[in-house]
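Here is a brief report on the fold of one protein chain. It covers the helices, the sheet they pack on, and the cores in between.

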Amino acid sequence: MTLTIRPAMPDDIDMIIGFIRALADYEKLSHAVKADRATLAHYLFGPRPMAEVLMAESGGAAIGFALFFHNFSTFEGRPGLYLEDLFVQPESRGVGAGRALLARLAQIALERDCARLEWSVLDWNAPAIAVYHAIGAQPMDEWTVQRLDGEALRALAATAAISV
C-alpha cells in the first residue's frame with residue numbers, strides 16, 4: 001500500500017467537508033458542524049487563506065486529512081503550527097496515515113521555523129492519545145481550553161467601543 005501526503009487543492013473541498021463531518025460524527029459533535037462548501041473554500045483557498053490542509057492518500061484515494069494554521073508564541077518569539085483536526089477513515093486506520101500526517105506537519109513546522117506543533121484531543125479518545133504519546137507528544141495538563149463564541153462573543157465585542 002502506497003501512502004502519499006500532499007497539500008489539498010481546491011477540488012478536494014468536498015472530500016475535506018466529508019472528513020470534517022466524519023470526524024464530528026466520531027467525536028459525537030455532528031450537531032456542531034456549520035461549515036459549508038463555499039465558506040470552507042473561501043477560508044482555505046481564497047485570496048487570504050486562514051488554514052491549510054494536508055491530504056493522506058492510499059492508492060490514489062483520499063483516506064484522511066489534517067487541517068492546520070499558524071499561531072504565535074510570545075514566550076518563544078516565534079510562530080507555531082496548530083493542528084485543528086486530524087482524521088483518518090476508520091477502515092484505513094492502522095496503516096500509518098495519521099502518523100504520516102503528523103510527521104509531515106512536523107517537517108512543515110521546522111521548514112517554517114516554528115517553535116512547536118500543538119493540538120487538542122478529547123480526553124476520552126484513548127486510541128489517539130496513545131498515538132500521540134508514542135510519537136513523544138506531551139500533554140499540557142496544567143492548561144485548560146477557554147472558548148468564547150456565539151452570543152458571549154458578540155456581547156464582549158460590543159463593549160470594545162466603550163473601551164476604545
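In this predicted model, helix H1 (residues 13–26) lies across strands E2 (52–58), E3 and E4. Its direction makes an angle of about 80 degrees with E3. Helix H3 (residues 97–111) lies across E1, E2, E3, E4 and E5. H3 runs at about 165 degrees to E4.

| Helix | Residues | Strands it lies across | Angle |
|---|---|---|---|
| H1 | 13–26 | E2, E3, E4 | about 80 degrees to E3 |
| H3 | 97–111 | E1, E2, E3, E4, E5 | about 165 degrees to E4 |

**The sheet.** The 5 strands form an open sheet. Their order is E1-E2-E3-E4-E5, with mixed pairing. E1 (3–7) and E5 (117–119) are the edge strands; each has a single partner strand, so one side of each lacks a neighbour in the sheet. From one strand to the next, the twist averages 30 degrees.

E3 (residues 61–73) and E4 (residues 78–88) run antiparallel and are joined by 10 bridges. Within this pair, Leu67 has Asp85 of E4 as its bridge partner.

**The cores.** Which residues have the most contacts inside the largest nonpolar core? They are Leu54, Ala66 and Leu101, in a core of 19 residues. E2, E3, E4, H3 and helix H4 (126–134) each supply at least two of its residues. H3 gives the most, with 6 residues.

Ala66 deserves a separate look. Beyond its neighbours within four places in sequence, Ala66 is in contact with Glu52, Val53, Leu54, Leu83, Asp85, Leu86, Leu101 and Leu105. Two names on that list, Leu54 and Leu101, also appear with Ala66 among the residues with the most contacts inside the largest core.

Another core lies apart from the largest one. It has 16 residues, among them Leu23, Leu44, Val53 and Leu67. Val53 of this core is in contact with Ala66. Leu67, also of this core, is the residue bridged to Asp85.

**The whole chain.** The protein chain has 6 helices and 5 strands. Along the sequence they follow the pattern β-α-α-β-β-β-α-β-α-α-α. The C-alpha trace spans about 60 × 35 × 30 Å along its principal axes.

The chain has 164 residues, and 29% of them count as buried. Its accessible surface comes to about 10800 Å². Carbon and sulfur atoms hold 58% of that surface. Among contacts with a separation of 6 or more, 57% join residues 24 or more positions apart.

How values were computed
Residues numbered from 1 in each chain as written. Predicted model: local features only at pLDDT ≥ 70, side-chain atom pairs only at ≥ 80, totals over all residues. Heavy atoms only, no water. Pairing = 2+ DSSP bridges. Helix = DSSP H or I, 4+ residues; strand = E, 2+ residues; numbered from the N terminus. Axes fitted to C-alpha atoms, helices over the stretch in contact; angles between N-to-C directions. Contact = heavy atoms within 4.5 Å. Core = buried A, V, L, I, M, F, W, Y, C linked by side-chain atoms within 4.5 Å. Buried < 20%, exposed > 50% of the residue type's maximum accessible area, 1.4 Å probe, protein only. Areas by Shrake-Rupley, 256 points an atom, 1.4 Å probe, with all protein chains shown as cover.
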